[in-house]
Amino acid sequence: MFRRQLATVLVFGGMFTLAFPAWAAIKLPALISDHMVLQSDMAAPIWGWAEPGEEVTVAIADQSAQATADKDGKWQVKLPKLAAGGAHTLTVRGKSNEIVVKDVLVGEVWLGSGQSNMAMVVSSCNNAGEEIAAADFPKIRMFTVTSTAADSAQADCEGSWQVCSPQTAGRFSASLYFCGREIHKALGVPVGLINSSVGGTPIESWISADVQEKSPELKEFVAAAQAEADRFDPVAAQAKYEKDLAQWEVAAKAAKAAGRPAPRKPIDQVANRARKGTIGGLYHGKIAPLVPYAMRGAVWYQGEANSNPAKSRYYEHQLPLLVTSWRAAWGSEFPFAWVQLPNFDGLGGHWPVVREAMLKSLKLPKTGMAITIDIGDAKDIHPKNKQDVGKRLAQWALGEVYGKDGPTSGPLPAGHERRGKDLVLKFSHADGGLVAKGGELRGFVVAGADKAWKPAAARIEGDQVIVSSPEVAEPVAARYAWENNPVCNLVSGAGLPASPFRTDNWEP
């Protein structure tokens with residue numbers, strides 16, 4: 001399902017990848033190239049292709065390792081653990097050629113992935129001119145994966161490492177850059193960032209097709225996606241697009257002549273589907289080629305494309321599956337954090353469901369979440385404040401991954417109990433006590449057994465919030481910020497916002 005049969009496959013790094021033909025000369029993947037950053041204090045795999053049986057030697061910083069290419073021409077070594085620093089030269093030698101990879105740093109490596117808000121570049125953010133002019137950080141580098149979706153897992157990708165400077169930073173993923181900048185400043189070591197993201201893409205494109213097909217929780221979802229794929233006729237879709245485009249061009253010309261806004265341009269569904277890929281398509285084309293590159297962890301910013309009623313209920317299964325399947329591919333339980341969807345006034349009413357799925361996914365070990373319910377833009381699905389997004393991701397990483405002092409999350413729900421006509425809501429990550437930012441505490445509703453929600457009065461008592469309503473004599477459930485664009489103001493003593501949540505499991 002969702003895959004084509006391959007003539008030749010091989011197993012490498014715990015996954016299937018396309019086999020390259022036998023090589024007359026050593027070849028390295030795009031990721032192992034000039035200006036790269038290797039993960040420090042961790043055995044770092046270096047791999048490539050050569051003639052079957054060819055001996056390959058890899059050397060860096062007075063360390064070396066050898067490997068023999070297998071029958072399919074694949075070879076891999078693991079470099080000894082290296083301390084942060086550089087620059088170094090990495091040399092790869094075989095019998096027929098030598099490759100020299102220049103300006104190699106050793107430091108902290110993070111992968112960033114998701115849809116358009118991860119892909120959004122620094123030049124599109126708040127204070128872009130100032131940020132770009134100040135981006136003189138030669139020890140921060142970013143590799144942007146430019147290859148596309150694929151029907152099966154690929155052995156290599158397209159892209160290159162760019163040294164951070166005012167000439168390059170404008171094209172960097174903003175959320176990833178601002179996160180990496182905070183880590184770099186706090187730790188004083190090189191930081192390598194790998195950006196593999198595509199705008200408008202759903203989470204199912206980023207999880208291996210094999211993994212999703214084996215998930216009992218996604219059985220109905222996968223079946224529906226397969227049925228949709230079977231119904232799609234690319235020839236008919238292309239013909240319709242060309243007809244609609246011709247009509248649109250006439251209408252747009254007439255609108256311009258009359259001084260009216262042009263109608264919306266039709267979407268090329270064939271190109272759109274190729275960009276997003278089928279189930280697993282973006283994993284195969286843009287994540288699989290990165291395995292097994294050593295990295296400290298990953299961050300994820302996605303969910304908008306899964307916020308409609310048909311998809312949102314599956315997200316609580318999909319996000320944990322993405323995390324566990326990526327970890328399985330790398331053979332490492334690396335730290336993983338995501339950005340909870342911000343406030344936004346549009347796209348149906350299921351953003352709270354996706355936010356809740358993200359909250360629930362924190363049950364996985366070594367995970368974190370940047371809560372952004374206060375820094376979105378009600379009228380723009382691409383909020384320009386990516387500085388705070390990156391900072392909050394970095395706060396989690398610095399505290400939970402690197403052991404630095406400081407807050408790592410905004411308040412998270414930690415249980416509740418009924419006390420007469422009140423519901424007592426408990427929180428973790430209060431960090432100095434809960435605070436109502438800017439006045440009276442807002443954003444809470446309560447309901448009785450009739451499931452009729454009423455606005456609640458709320459007051460703070462230390463690390464707890466007490467909610468009640470004169471219209472609900474026997475409250476059984478409470479919700480906070482349970483709207484696409486809620487009015488809410490509960491924060492920690494450190495100023496980080498509380499996550500939206502609910503205590504019930506009723507229909508949204």
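This text leads through the largest pocket of a predicted model and then through several of its salt bridges.

The largest pocket holds about 1,200 Å³ of space, and of the 41 residues that line this pocket, the closest to its centre are Pro-202, Glu-228, Arg-273, Lys-276 and Gly-277. Three helices, α5 (219-231), α7 (269-276) and α9 (309-312), each supply at least two residues of the lining, with the largest share, 7 residues, coming from α5. By residue class, the lining of the largest pocket divides into 19 nonpolar, 12 polar and 10 charged residues.

Across the whole structure, a search finds 23 salt bridges. In one of them Asp-103 pairs with Arg-141, and the closest N and O atoms are 2.8 Å apart. Asp-103 belongs to strand β9 (residues 98-114) and Arg-141 to strand β10 (residues 140-145), so this salt bridge ties together parts that are 38 residues apart in sequence. Asp-103 is partly exposed, at a relative accessible area of 23%, whereas Arg-141 is buried, at 4%.

Helix α5, already met in the pocket lining, also takes part in a salt bridge, in which the side chains of Glu-220 and Arg-313 meet at 3.8 Å, N to O. Glu-220 lies in α5 and Arg-313 in the loop between α9 and α10 (315-330), so that distant parts of the chain, 93 residues apart, are linked. Glu-220 is exposed, with a relative accessible area of 55%.

A further salt bridge joins Glu-356 and Arg-502 at 2.8 Å, N to O, linking helix α11 (residues 351-360) with strand β25 (residues 501-502) over a separation of 146 residues. Both Glu-356 and Arg-502 are buried, and they are linked with Arg-479 and Asp-504 in a network of salt bridges.

Notes:
Residues are numbered from 1 along each chain as its sequence is written. This is a predicted model: local features need pLDDT of at least 70, side-chain atom pairs count only at pLDDT 80 or more; totals for chains, interfaces and linings use all residues. Side-chain values use heavy atoms; hydrogens and water are left out. On a 1 Å grid over the protein atoms alone, a cavity is a set of points where a 1.4 Å probe fits but cannot get out, and a pocket is an open set with protein on both sides within 12 Å along at least five of seven lines; lining residues have an atom within 4 Å of a point. Grid points are joined across faces, edges and corners, and a volume is the space filled by probe spheres set on the points. Helices (H or I, at least four residues) and strands (E, at least two) are DSSP runs, numbered from the N terminus. Ala, Val, Leu, Ile, Met, Phe, Trp, Tyr, Cys and Pro count as nonpolar, Asp, Glu, Lys and Arg as charged, and the others, Gly among them, as polar. A salt bridge is a side-chain nitrogen of Lys or Arg within 4 Å of a carboxyl oxygen of Asp or Glu. Buried means under 20% relative accessible area, exposed over 50%, partly exposed in between (1.4 Å probe, protein chains only).
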